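The following note sets out, point by point, the features of the structure shown below for colleagues who wish to examine it.

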Amino acid sequence: MNSTLEAVHLTKRYNGHTALNDLNLSLKGGDIFCLLGQNGAGKTTTINLFLGFIAATEGKALINGIEVKPGSTNTREFIAYIPEVVQLYGNLNGLENLDFFSRLAGFKYSSAELEHFLSTSGLQKEAHKRKLSTYSKGMRQKVGIAIALAKKAGVILMDEPTSGLDPRASAEFTAICKQLAAEGKIIFMATHDIFNAVEVGAVIGIMKQGSLVHTVSTGNITANELQQLYLETI
Ligand SMILES: Nc1ncnc2c1ncn2[C@@H]1O[C@H](COP(=O)(O)OP(=O)(O)OP(=O)(O)O)[C@@H](O)[C@H]1O
């Protein structure tokens, strides 16, 4: 199935304060979209609407043509979410965490399959059987990606995934995102990382006070130009 992610006049207000204003967006399998914007611009609000964590005030968030509704499980199976800090069980190892979260999503895999998901996500083999409490942030994130793969989610939402990663881990992460998109997944990430957004080859949205004010393709812009546009916008 070709995945889709759409926002149609998507709006969220809190007591008269507009956190997200009339967002219109249409992504398909293979697309990478990076949402940039200052603190409070509305990036996490957008992700939370697609996850069904909060209800839209107006408009719709749609995954594979199905409207996302808080409390409904209709769209959950199509989505994986990688937050800034991936929450895993510190006293379980990488394989055990992956097995646990895969089962929670309704999938049961052999050890070889679980190992394969972890390796595809870039986690070195020696770490597969080490307790999560000994993992770095980048390693935890790789387990998060492995869980997304194991769920067979067509849409992967990420909130500031490269924050706190060293340049090498960030570059590895970029490569994995590109690979996932090449396999037909939609990657939607909120980020402050202009360099990563350009490297990942995404379409970039710049958000200001809840409104998407620019959408640019990275094929047409360098990191310096994007930084300039960002600074002029916000
Ligand atoms: N539960 C809430 N109640 C009231 N206002 C909220 C709530 N959640 C978010 N907001 C407001 O909505 C606006 C958008 O917040 P959001 O978290 O989406 O920003 P962001 O772009 O993700 O910022 P950051 O880069 O800091 O994560 C902000 O003004 C924020 O204060």
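**Notes on the predicted model**

1. The largest nonpolar core has 63 residues, and those with the most contacts inside it are Cys34, Leu98, Ala146, Val155, Ile156 and Leu157. Helix H4 (residues 137–150) supplies the largest share of this core, namely eight residues. The model under discussion is a predicted one.

2. On the annotated region: the UniProt record, an unreviewed entry, lists "domain: ABC transporter" at residues 5–234. Over residues 5–234 the chain is 33% helix and 27% strand, with the end C-alpha atoms 26 Å apart.

3. Which residues does Leu98 contact, leaving aside its neighbours within four places in sequence? They are Leu114, Phe117, Leu118, Val143, Ala146, Ile147 and Ala150. Leu98 is one of the buried residues of helix H2, which spans 94–104; the others listed there are Gly94, Leu95, Asn97, Asp99, Phe101 and Ser102. The cover over the buried residues of H2 includes helix H3 (111–120) and H4. After H2 comes Gly106, with a positive phi near 95°.

4. The loop between S6 and H2 holds Gln87. Is Gln87 buried or exposed? Gln87 has 10 other C-beta atoms within 10 Å, and a residue counts as exposed at 12 or fewer, so Gln87 is exposed. Gln87 and Phe53 lie 34 residues apart in sequence, and their C-alpha atoms are 17 Å apart in space.

5. An open sheet of six strands runs in the order S6-S7-S8-S3-S9-S10, and its pairing is mixed. Strand S6 (79–82) and strand S10 (211–217) each have a single partner strand, so one side of each is left without a neighbour in the sheet. On average, neighbouring strands of this sheet are turned by 20° against each other, direction ignored.

6. Within this sheet, strand S9 (residues 203–208) and S10 pair in the antiparallel sense over six bridges. Ile204 has Val216 in S10 as its bridge partner, and Ile206 is matched in S10 by His214. S9 and S10 form a hairpin with two residues between them, and Gln209 in the turn has a positive phi of about 45°. In contrast to this antiparallel pair, S3 and S9 pair in the parallel sense, over five bridges. Gly37 stands opposite Met207 in S9.

7. Which strands does helix H7 touch? Helix H7 (residues 223–233) packs on the sheet against S3, S9 and S10, and its direction makes about 20° with that of S9. Helix H5 (residues 167–182) also packs on the sheet. The strands touched by H5 are strand S3 (32–37), strand S7 (155–159) and strand S8 (186–190), and the direction of H5 makes about 145° with that of S8.

8. Four strands form a further open sheet in the order S2-S1-S4-S5, with antiparallel pairing. S2 and strand S5 (66–67) stand at its edges; each has a single partner strand, so one side of each is left without a neighbour in the sheet. The pairing of S4 and S5 is antiparallel over two bridges, and Leu62 stands opposite Glu67 in S5.

9. Gly59 is found in strand S4 (residues 58–63). Gly59 has 18 other C-beta atoms within 10 Å; a residue would be buried at 20 or more and exposed at 12 or fewer, so Gly59 is partly exposed. Not counting residues up to four places away in sequence, Gly59 touches Val8, His9, Leu10 and Thr11. Gly59 and Lys12 are 47 residues apart along the chain, while their C-alpha atoms are separated by 8.8 Å.

10. Finally, the ligand. The residues around it are Tyr14, His17, Ala19, Gly37, Asn39, Gly40, Ala41, Gly42, Lys43, Thr44, Thr45 and Ala190. Strand S2 (17–28) and helix H1 (43–51) are the elements that give two or more residues to this shell. H1 gives the most, with three residues. Gly37 thus appears both in the shell around the ligand and opposite Met207 of S9.

Key:
Residues numbered from 1 in each chain as written. Predicted model: local features only at pLDDT ≥ 70, side-chain atom pairs only at ≥ 80, totals over all residues. UniProt positions renumbered as here; feature names shortened; annotations may be inferred. Core = buried A, V, L, I, M, F, W, Y, C linked by C-beta atoms within 7 Å. Contact = placed C-beta atoms within 7 Å. Pairing = 2+ DSSP bridges. Axes fitted to C-alpha atoms, helices over the stretch in contact; angles between N-to-C directions. Near = placed C-beta within 6 Å.
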